[in-house]
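Colleague: Could you take me slowly through one part of this model, a single side chain and its surroundings, and then show me how the neighbouring parts are arranged? I am still learning to read structures, so please spell out each step.

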Amino acid sequence: MAKAITTAAFSEEVLQSDIPVLVDFWASWCGPCKMLSPIVDALSNEVTNVKICKVNVDEEPGLAQKYRVMSIPTLMVFQNGEPVKTSVGLVSKEKILEMIS
């Protein structure tokens, strides 16, 4: 299961990570987020070269604002503390694997 990240832990878990990090910005009321969640959770058990985390935008609005998350779900790949790839909306497992490869 993907790890839930708070604002307090974001810097350590994501920005200072030695490996790329896929962050799923989501909300509990979002239909497409609910459809994407099992895919993201499955990937978190399958890939070892990328850390996979989730940010609930309702609980962490500051993070969503900082990274200009306007629509959810938004997937963002961070490398060396910087967002390098972004995907908005429901995407396939194959598309996510492409993003993190």
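Modeller: In this predicted model, the side chains of Lys-54 and Asp-41 are joined by a polar contact of 3.3 Å. A further polar contact, of 2.4 Å, links the side chain of Lys-54 to that of Ser-37. Lys-54 belongs to strand β3, which runs over residues 51-56, and its relative accessibility is 8%, so Lys-54 counts as buried, the limit being under 20%. If residues up to four places away in sequence are left aside, Lys-54 touches Ala-2, Lys-3, Ala-4, Ile-5, Asp-24, Trp-26, Ser-37, Val-40 and Asp-41, and so both partners of the polar contacts appear in that list.

From here we can turn to the cysteines. A search of the whole structure finds 1 disulfide, and a disulfide is a covalent bond between the sulfur atoms of two cysteines. The pair in question is Cys-30 and Cys-33, whose sulfur atoms lie 2.3 Å apart, and both of these residues are buried. Because the torsion about the S-S bond of Cys-30 and Cys-33 is about 80 degrees, the disulfide is right-handed. Cys-53, by contrast, is in no disulfide, and the nearest cysteine sulfur, which belongs to Cys-33, is 16 Å away. With a relative accessibility of 0%, Cys-53 counts as buried.

Two of the helices show how buried and exposed residues can be arranged around an axis. In helix α1, which spans residues 7-15, Phe-10, Glu-13 and Val-14 are buried; they cover an arc of only 100 degrees around the axis, and therefore they sit on the same side of α1. Ala-8 and Glu-12 are exposed, and they are carried by the face of α1 turned away from its buried side. Among the elements that cover the buried residues of α1 are β1 (3-4), β2 (21-26), β3, α3 (61-66) and β4 (74-79), and β3 is the strand that holds Lys-54.

Helix α4, made of residues 93-100, has Ile-96, Met-99 and Ile-100 as its buried residues, and because they cover an arc of only 85 degrees around the axis, they too are on the same side of their helix. Glu-94 and Glu-98, on the other side of α4, are exposed. The buried residues of α4 pack against β2, α2 (31-46), β4 and β5 (82-88), so that β2 and β4 take part in covering the buried residues of both helices.

Finally, the loops deserve a careful look at their backbone. The loop between α3 and β4 contains Pro-73, and the peptide bond joining Ile-72 and Pro-73 is cis, with omega about 0 degrees. Arg-68 is also placed in the loop between α3 and β4, and its phi is near 55 degrees, a positive value in a residue other than glycine. Arg-68 has a relative accessible area of 67%, which means that it is exposed. In the loop between β4 and β5 we find Asn-80, which has a positive phi of about 55 degrees although it is not a glycine. Asn-80 counts as exposed, because its relative accessibility is 73%.

Technical notes:
Residues are numbered from 1 along each chain as its sequence is written. This is a predicted model: local features need pLDDT of at least 70, side-chain atom pairs count only at pLDDT 80 or more; totals for chains, interfaces and linings use all residues. Side-chain values use heavy atoms; hydrogens and water are left out. Helices (H or I, at least four residues) and strands (E, at least two) are DSSP runs, numbered from the N terminus. Buried means under 20% relative accessible area, exposed over 50%, partly exposed in between (1.4 Å probe, protein chains only). A polar contact is a pair of N or O atoms within 3.5 Å; within protein, one must be able to donate a hydrogen and the other to accept it, and residues adjacent in sequence count only if both atoms are side-chain atoms. Contact means heavy atoms within 4.5 Å. A disulfide is a pair of cysteine sulfur atoms within 2.5 Å. The arc is that of the directions from the helix axis to the C-beta atoms.
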